[in-house]
Amino acid sequence: MSVLTTIEEIRAKARDGLAEVRNDAELETWRVAVMGRKSPLMSALRSLGKLGPEERKEAGRAANLLKTQLDQALEEKRETLGRARIEETETAGRIDVTLPARPLPEGRLHPVTQTQRDIVDAFVAQGFSVIEGPEVELEYYNFEALRIPADHPARELMDTFYIDRSGDTDSKLLLRTHTSPNQIRFMENNDPPVRIICPGRTYRNEATDPSHEWMITQTEVLAVDEGLTLAHLKGTLFELAKRLFGRDRKVRFRCDFFRFVEPGVDMAIDCFLCGGKGCRTCKKEGWIEILGAGMVHPEILANMGYDPDIYTGFAAGLGVERIAMLRYGVDDIRHFYENDLRFLRQF
Ligand SMILES: [Zn+2]
């Protein structure tokens, strides 16, 4: 077999072998097999000396050309493998920014808290400060100081939970039935003018039904200053109604009776669902009562050391759950405190 034929065979084999190479180790094995000292190519080069001058010249050229080509192919393959390795590393560490994000569990405010905050904002915007006080209260602040003596029938309507303190009957402790005690505490320690709201939980000892809970959230409002009139009360509460139920609301005030105000009023808004025509929410009335209010009874001012001949004041009380029920169309107050996430996640 001629040397030239051998060289062609070596070339073909080397080419096929190189195509199979997948990594650096295989490339080295290929190099040793094709160009190493014991390779067919080296043997062919060593055997050139045995040939005649013409044949040697031609075969020598072909063998050297092949060696150059193989060196070049080796270099190219080495580079290709290197690039592939870099790409592989990059791909492995790459972040796919097109992947959709995993949703994080999202908390939200309780609907009563949301409404409470809106109420607070409406008054803070009108210059009121927020005052908080104890939920376990002295009987005096909850009743007597607010003109509800021990033998008064209003006590029955406000039956609450008493804290058992055996032997100590002078200062009974109870869970407050309204946040009005905060107003008394505030007036005891501050001179007029007063502009405060008292948000917080209050308690009644009663059976629950769709419109009654034993714990409800209240916000009580108190303003005392020289020259305050029912007009100030109406203006302040009208602004609240518009913020809670829409700017185009109308309000209606009617006489009502509460122990600690004189005169007392209830405030209603025109029904925001039917526009006053009458529907289920407004019980066909066209109006919805949302709070009670009035001018602070002069006796209470006097008890607090405010001269009722100089100062007048107005007060209002809101049931926050009731407002929230109206705003969100909730038909049972008990839903708020059953901790049913299917209910709470709607807000
Ligand atoms: Zn209506």
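Exposed, in what follows, is over 50% relative accessible area, and buried is under 20%. Arg37, at 71% relative accessibility, therefore counts as exposed. This is a predicted model, and everything I say about it should be heard that way.

I will stay with Arg37 for a moment. Arg37 sits in the loop that runs between helix H2 (24-35) and helix H3 (40-46). Leaving aside residues up to four places away in sequence, Arg37 touches Met42 and Arg46.

Next, a residue inside helix H3, namely Leu45. Leu45 has a relative accessibility of 22%, which means it is classed as partly exposed. Again not counting residues up to four places away in sequence, the contacts of Leu45 are Ala63, Asn64 and Lys67. For a sense of distance, take Val112, which is 67 residues from Leu45 along the chain. The C-alpha atoms of Leu45 and Val112 are separated by 95 Å.

Now the sheets. There is an open sheet of seven strands, with mixed pairing and the order S1-S5-S6-S10-S9-S8-S7. Which strands stand at its edges? They are strand S1 (129-130) and strand S7 (251-256). Each has a single partner strand, so one side of each has no neighbour in the sheet.

Within that sheet, look at strand S8 (residues 261-270) and strand S9 (residues 287-296), which pair in the antiparallel sense over eight bridges. In this pairing Met267 stands opposite Leu291 in S9. Helix H9 (residues 230-245) packs on the sheet, where it touches S7, S8, S9 and strand S10 (311-319). The direction of helix H9 makes about 150 degrees with that of S9.

There is also an open sheet of three strands, antiparallel in its pairing, in the order S2-S4-S3. Here strand S2 (136-138) and strand S3 (162-163) are at the edges; each has a single partner strand, so one side of each is left without a neighbour in the sheet. S3 and strand S4 (residues 173-175) run antiparallel and are joined by two bridges. Tyr162 stands opposite Leu174 in S4.

On to the metal. Which residues coordinate the zinc ion? The donors are the SG atoms of Cys271, Cys274, Cys279 and Cys282, at 2.2 to 2.3 Å. Along the chain these donors follow the spacing C-x2-C-x4-C-x2-C. Why is the arrangement called tetrahedral? The four donor atoms subtend angles of 103 to 115 degrees around the zinc ion, and the class requires all angles to lie between 85 and 135 degrees. For reference, the ideal angle for four tetrahedral donors is 109.5 degrees. Of the ligands, Cys279 and Cys282 are buried.

Last, the salt bridges, of which the structure holds 18. I will go through three pairs and one network.

The pair Arg11 and Glu8 forms a salt bridge whose closest N and O atoms are 3.3 Å apart. Both residues are in helix H1 (residues 3-20), and because they are three residues apart there, about one helical turn separates them. Glu8 is partly exposed, at 43% relative accessibility.

The second pair is Arg327 and Asp118, with the closest N and O atoms 2.9 Å apart. Arg327 belongs to helix H11 (residues 320-328) and Asp118 to helix H5 (residues 111-124), so this salt bridge ties together parts that are 209 residues apart in sequence. Arg327 counts as partly exposed at 26% relative accessibility, and Asp118 is partly exposed with a relative accessible area of 30%.

The third pair is Arg249 and Asp248, whose side chains meet in a salt bridge at 3.6 Å, N to O. Are these residues buried or exposed? Arg249 is buried, with a relative accessible area of 9%, whereas Asp248 is exposed, with 60%. As for the network, Glu239, Arg243 and Arg247 are joined into one by salt bridges that share partners.

Terms used. Residues are numbered from 1 along each chain as its sequence is written. This is a predicted model: local features need pLDDT of at least 70, side-chain atom pairs count only at pLDDT 80 or more; totals for chains, interfaces and linings use all residues. Side-chain values use heavy atoms; hydrogens and water are left out. Helices (H or I, at least four residues) and strands (E, at least two) are DSSP runs, numbered from the N terminus. Buried means under 20% relative accessible area, exposed over 50%, partly exposed in between (1.4 Å probe, protein chains only). Contact means heavy atoms within 4.5 Å. Two strands pair if DSSP finds at least two bridges between them. Axes are lines fitted to C-alpha atoms, for helices over the stretch in contact, and angles run from 0 to 180 degrees between N-to-C directions. Donors are N, O and S atoms within 2.8 Å of the metal (3.2 Å for Na, K and Ca); water is not among the atoms, so sites may look incomplete. Four donors count as tetrahedral if all angles lie between 85 and 135 degrees; four count as square planar and six as octahedral if opposite donors are over 155 degrees apart and all others between 65 and 115; anything else is irregular. A salt bridge is a side-chain nitrogen of Lys or Arg within 4 Å of a carboxyl oxygen of Asp or Glu.
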